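Reader: I want to learn how to read the aromatic contacts in a model. Where do we begin?

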Amino acid sequence: MDTSNTPPQNVIPSSALPGPRAPMIYQGIKIFQQPTGYTRDLRERYGTRFRLKIMPPYNLYVLSDPDDVKAMFLAPRDVLHTGRGSAALEKFTGQTGLAWLDEEEHLARRKTIMPSVRGGAFKRIEDSVAEMAERIVATWPRGELVSLYPHVHRFTIQVIREVVFGKHVPSVWDELFEVIWQMLGLNRRLASMIETHNMKPLSVKMLRAIKPLGLDTFFKQRDRADALLAQAVRERLDSGESGDDMLSVLLNITHEDGSPVSGVELRDEMMTMFLAGTETTTAGICWALEYLSREPAILQRVLDEMEEGTDDAYLTAVCHEVLRVRPPTPQIIPREVVKPIVIGGVRYVPGDWLWASGYLIHHDPALYPDPDVFRPERFLNVKPGAYTWIPFGGGHTRCLGDRIAILEMKAVLRQVLTTCELRRSDPRPEAAKSRTVTITTKHGTRLELRPKAGAVAEKAAS
């Protein structure tokens, strides 16, 4: 299949693409430790398409040309698969949820879940996010220099609780919240990338015995989370309550043979949301606060717009620019080639993997002049391009929660910026660090939230 209309005589095999010759383990560590800088160096050296060797025994091809990415997004479902592209996350998501499904199974499940994040459900979530932001941001430390990342992350977990459970909050939620919070801590460690599901039980047992890796603690927490999620499901079934939340939607799914969704499938879909719906949004919010604390003119323009109260076009542009310059997932979920495909004059074959780099596209000076400059005006009243702005991926696997993520970013920024001044002790920009497949601020966005006098008086009066 030729998606680029390139004459066959001009097609080259994927094996002809250049790439680093460094040992595989070196490449893997560099991708984890320097997920943006390393790929940027490689693009300078090899161009918009290059080969990496970090997924034995496969070749991984990084794509950073919008036309290549468009062809990848539009490829038929039976040509490129994403299911196994989330292998590093299997410890959280299992293998039966949307993230692991392909072709017709993926399409059917996606259509079924969609109502839990759109329409009336989205309006409910929107109202809840606004209330949560006002209530939870008010509890964040004031007058001291702290890393805001953990506070933001705990907020995003509460938002996903609203998505998953709606108004029917399970009795075990408080404990489940803490267990999920502790589980997600594994993403700070390199061990989070180990694909334990592909290992023999004895090998996993040996890894668990190495306590500093954190895997033993993680698996114990996961067992507890599974039990608590199962209890939450039983409570919902016993109550007979329903709604437009994700659990209600999942409980109404039946397979072709008439059987309901299994407990494992329910668990996998819910845990997928608590992972994918929190890590990325947390990173986006933290990067937004990091940039605004260093850009007084941009910050003032946001505040002026908030005070005027007529619209939030500039705040929206700020969010879009944050996700351009610092996409939480710098390389989106890789696609496995299951049938030959030609993209941009290169023939990829089964066994190849395609990895679209949002970070490299977002930092292409031909698309975004002065790409390292934080300039929200790029997106002021401008809709981001489907193939030149891809923080949420694209094609038939585009993130279902994209609108919710932007909603959360704006809600938190409104509350923080209208009630506090942002103070930083170090004027230098925070570097990036990896949390498995996402990148966030190296020091967790260390800022002081100093209460605004007007906000304090208003709070006291209320």
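Author: Begin with burial. Buried means under 20% relative accessible area, exposed means over 50%, and partly exposed lies in between (1.4 Å probe, protein chains only). This is a predicted model: local features need pLDDT of at least 70, side-chain atom pairs count only at pLDDT 80 or more, and totals for chains, interfaces and linings use all residues. Residues are numbered from 1 along each chain as its sequence is written, and side-chain values use heavy atoms, with hydrogens and water left out.

Reader: Is Trp-173 buried or exposed?

Author: Trp-173 counts as buried because its relative accessibility is 4%. Phe-165, at 1%, is buried too.

Reader: What makes two rings an aromatic pair?

Author: Rings of Phe, Tyr and Trp (its six-membered ring) pair if their centres lie within 6.5 Å. Planes under 30 degrees apart count as stacked, over 60 as edge-to-face, and the rest as tilted. Here there are twelve aromatic pairs. In one of them, Phe-165 meets Trp-173 edge-to-face, at 6.2 Å centre to centre with 70° between the planes. Trp-389 and Phe-392 also pair edge-to-face, at 6.0 Å and 65°. Trp-389 is buried at 6% relative accessible area, and Phe-392 is buried at 13%.

Reader: Which residues do ring pairs link into a cluster?

Author: Phe-165, Trp-173, Phe-177 and Phe-274.

Reader: When does a charge sit over a ring?

Author: NZ of Lys or CZ of Arg must be within 6 Å of the ring centre and within 35 degrees of the ring normal. The charged end of Arg-403 sits over the Phe-122 ring, 4.0 Å from its centre. For Arg-294 over Tyr-291, that distance is 4.9 Å.
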